[in-house]
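Thanks, everyone, for making the time this morning. I would like to walk through one structure, going from the arrangement of its chains to some local details of the backbone.

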There are 2 protein chains.
Amino acid sequence: MQNFNEETNKNRNSRQVLQYVQNSEPTTRTEIARKLSLSKPTVSTIVAELVEEGWIIETGSGESSASGGRKPVNLMFNPKKAYCIGVDIGGTKVAVGITDLRGKLESYRTFPAQEHQDDSLFKMIKHMVDEMQEELSISDSQIFGVGAGVPGVTDMETGIVEEAPALGWKEFPIKEKLQNVFPFPVYVDNDVNIGALGEHWRGLGRNKRNLIFIAVGTGVGSGIILNGQLFRGSHYSAGEIGYMVTDRSLAKSYEPAYAGYGFLESVSGGTSIGTALSGRLGRRVSAEEAFELYRAGNPEALEKLGPALEHLGIAIANYVSILDPELIILGGGLSQSFDVIHPVVSGIVRQYAPKECEIVKTASGKEAGVIGAVALLLKEHEGLYNI
Amino acid sequence: MQNFNEETNKNRNSRQVLQYVQNSEPTTRTEIARKLSLSKPTVSTIVAELVEEGWIIETGSGESSASGGRKPVNLMFNPKKAYCIGVDIGGTKVAVGITDLRGKLESYRTFPAQEHQDDSLFKMIKHMVDEMQEELSISDSQIFGVGAGVPGVTDMETGIVEEAPALGWKEFPIKEKLQNVFPFPVYVDNDVNIGALGEHWRGLGRNKRNLIFIAVGTGVGSGIILNGQLFRGSHYSAGEIGYMVTDRSLAKSYEPAYAGYGFLESVSGGTSIGTALSGRLGRRVSAEEAFELYRAGNPEALEKLGPALEHLGIAIANYVSILDPELIILGGGLSQSFDVIHPVVSGIVRQYAPKECEIVKTASGKEAGVIGAVALLLKEHEGLYNI
DNA sequence: TTCGTTTGTTAACTTAACTTACTAACTTCT
DNA sequence: AGAAGTTAGTAAGTTAAGTTAACAAACGAA
């Protein structure tokens, strides 16, 4: 029974049990046996092993049922069995954190990205992690692995960043670089995918099978979770909503906001909104300021921002038409102006898409990137433990 | 070892072996053992069972390898172990066929849809199948099951057609109706999903992990295969490309071609193309005729058809931006004018989408619907056999 | 205190892998 | 032609990981 193809049967069952305990705390051996349709002895041996290894903790006995009988032993998942490192590399700052297996942040720190280049960056990351480990007295053997997010198209498997304009990287072997400083398994993906994973694991997308995370900032990008799995596409470029065209006539003459920018981000991205209004008003306006003016009913702002929001709305409606997701989560810098964006976008979705779809603003804070990176690690890592 | 959760381990391995034999004919016990990393004895016992049951046939011995040694016994999959019924219900005609497990059509016949309504339709289908079974001398016990395609939004699980305008159905329990006449497992899905499954199984999409099948006819619809699995969305309405908006300004004023029609099918669907040109020329023109005039360089046709094709191109480019598929297959009535459509569409995709994507015309014939329906049956059926 | 109930364990059995050791069949080298 | 070397497939025995059946432990209530 050693092998049914790379994965032993026992391991499967152990994983199922551990997963069940996680999702149904507190639980008992008998309950597990019933729910997973395994026999009681099987569950007992598996639980014994998991308790031995420290994945599961027996906590006092629970309540016996109405009709009497022996009280069950409560079983709880032990989220401190191991710790995870999450790294969120952004254009301006780098965030590093250590979480437990539940995604609870135990320690977190950031440093400016620009000060360091190439190898010095990774030494700095390692240094931060070492400090945090010391602080929390977590030994290397307790570390499960490293997950990292990068703002650019990334090949999960080779770990090479095809292109990350914000960092000036091209064909950059980030996984290798991280692996050089960390003696743990390393997983890398792009920042929007990480955002989607984070929302699915710990954010508003918990228990949703199909969701889209859209980050509207300088550019517009999105991560797609279908059937509970991140969908990356054939060339790791699924979710490039920034390239969506929402106006045939306009598309013929549009100018990319930056080289390599797509249509949508050129008409609805943060930079474009700012510059468009700046041109109209004759002074430099930031995107936030533009929204502020829009809220105040400034006519120029209404004139310039209105269409930008409509384009975004159409792009999202198109997403709904194609993928029929359960939930769309908006994140990124512009999600601060969700109060302005939401009515326009959801009106357009209702008007044009065949099905409705809830659209919400992300509830995660600054640490979302780090937690998403940890979600990536736990999803991809082929260990006993799995989200 | 009875249960690791609904599915025994043995069954998994049997299925893997059978699948391997199918895809790698002819093969041998030793090769299977190597490729699936199972031991030789294990493979021998599994193969013995499969031969006993008739799934696998031993054909003469093969060639021994370069360095000598005993000649292996060649193993072949037996596609005649069972037969499948495929039903393709269209607005104008109904097609029924019987195929073997490879999807080879053994018998096929059609009849007009309108002549029959409600229960009479299903009696007719059953009658046709009975005739074909007799002709081929296939007993009920050899029938694997029934797959069926319907032109409308269909809930795979309950088997209820939400709405099929072409047939005048609403909340129609088609699975139940078919189950009433057939004593075999029945699976139903909508026609574009079936088209996608057919292309993936026997068409141009073989061995592709991610593909889109787009049917351009009266309306525009699509089926999505991601990671080798049909993606249906949260409300069974994924792939509704007909609702995609490709022009913000135009969308504000467009009139649906029919009630419930989306933007894209209203500007690029077959009916709209015909009527648009009819209006311009002052006489009734069919879509085919419109393409004919376009090929001949007729200025009115260029003026009306050009934008329609561009809208379709943008919709497909948006698809590529979002899903990054490996292949897009065009089908439906208008794919006859692929020579006209392809240059426009692929030019637009190259211009606006972040990655390239091959776009081809379906190579399947009239029987595609029946074969796709069989593909659905084999995908969904939880038997030993699986595509 | 005793009885019914529920939890969890122990013991014996079953299944389906595995390993090791074989036979069978074939090629090639001498 | 016969020996040596190679590869295919089988037989016998072992091991892992389940199963069922029976029982001990713990508890509530009559």
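**Symmetry, interface and local geometry**

Chain A is superposed on chain B by a rotation of 180° with 0.1 Å of shift along its axis, at an RMSD of 0.1 Å, where the fit is by least squares on the C-alpha atoms of residues with pLDDT of at least 70 in both copies. That is the relation of a two-fold axis. Among the residues of chain A, the one that comes closest to the rotation axis is D247(A), whose C-alpha lies at 1.9 Å.

Before going further, I should say that this is a predicted model, in which local features need pLDDT of at least 70 and side-chain atom pairs count only at pLDDT 80 or more, while totals for chains, interfaces and linings use all residues. Residues are numbered from 1 along each chain as its sequence is written, chains are lettered from A and ligands numbered from 1 in the order in which they are written, and side-chain values use heavy atoms, with hydrogens and water left out.

Now to the interface. How many residues does the contact take from each chain? It takes 54 residues from chain A and 54 residues from chain B, contact meaning heavy atoms within 4.5 Å. Of the interface residues of chain A, 100% are also interface residues in chain B, so the copies meet through the same surface. The buried area, that is, the accessible area (1.4 Å probe) that two parts lose on being put together, summed over both, is about 4,700 Å² between the chains, and carbon and sulfur atoms give 51% of it.

Six salt bridges are counted between chain A and chain B, a salt bridge being a side-chain nitrogen of Lys or Arg within 4 Å of a carboxyl oxygen of Asp or Glu. Between the chains, the side chains of E310(A) and K252(B) meet in a salt bridge at 2.9 Å, N to O. Over all chains, a search of the whole structure finds 40 salt bridges. Within chain A, K126(A) forms a salt bridge with D130(A), with the closest N and O atoms 3.3 Å apart; these two residues are four apart in helix α4 (residues 119-136), and are therefore separated by about one helical turn. Helices (H or I, at least four residues) and strands (E, at least two) are DSSP runs, numbered from the N terminus.

Turning to helix packing in chain B, α10 (residues 287-295) and α11 (residues 299-323) pack at an angle of about 110°, with their axes 9 Å apart. Axes are lines fitted to C-alpha atoms, for helices over the stretch in contact, and angles run from 0 to 180 degrees between N-to-C directions. The helices α10(B) and α11(B) are therefore roughly perpendicular to each other, given that angles under 35 degrees count as roughly parallel, over 145 as roughly antiparallel, 65 to 115 as roughly perpendicular and the rest as oblique. On the α10(B) side the contact residues are A290(B), F291(B), L293(B) and Y294(B), which meet A301(B), L302(B), L305(B), G306(B) and L309(B) in α11(B).

Finally, the backbone. Most residues other than glycine have a negative phi, and most peptide bonds are trans. Against that background, the peptide bond from E25(A) to P26(A) is cis, with omega near -15°, and P26(A) is found in the loop between α1 (9-23) and α2 (29-36) of chain A. In chain B, the bond from E25(B) to P26(B) is cis, with omega near -20°. N227(A), although not a glycine, has a positive phi of about 50°, and N227(A) lies in the loop between β12 (220-226) and β13 (229-231) of chain A.
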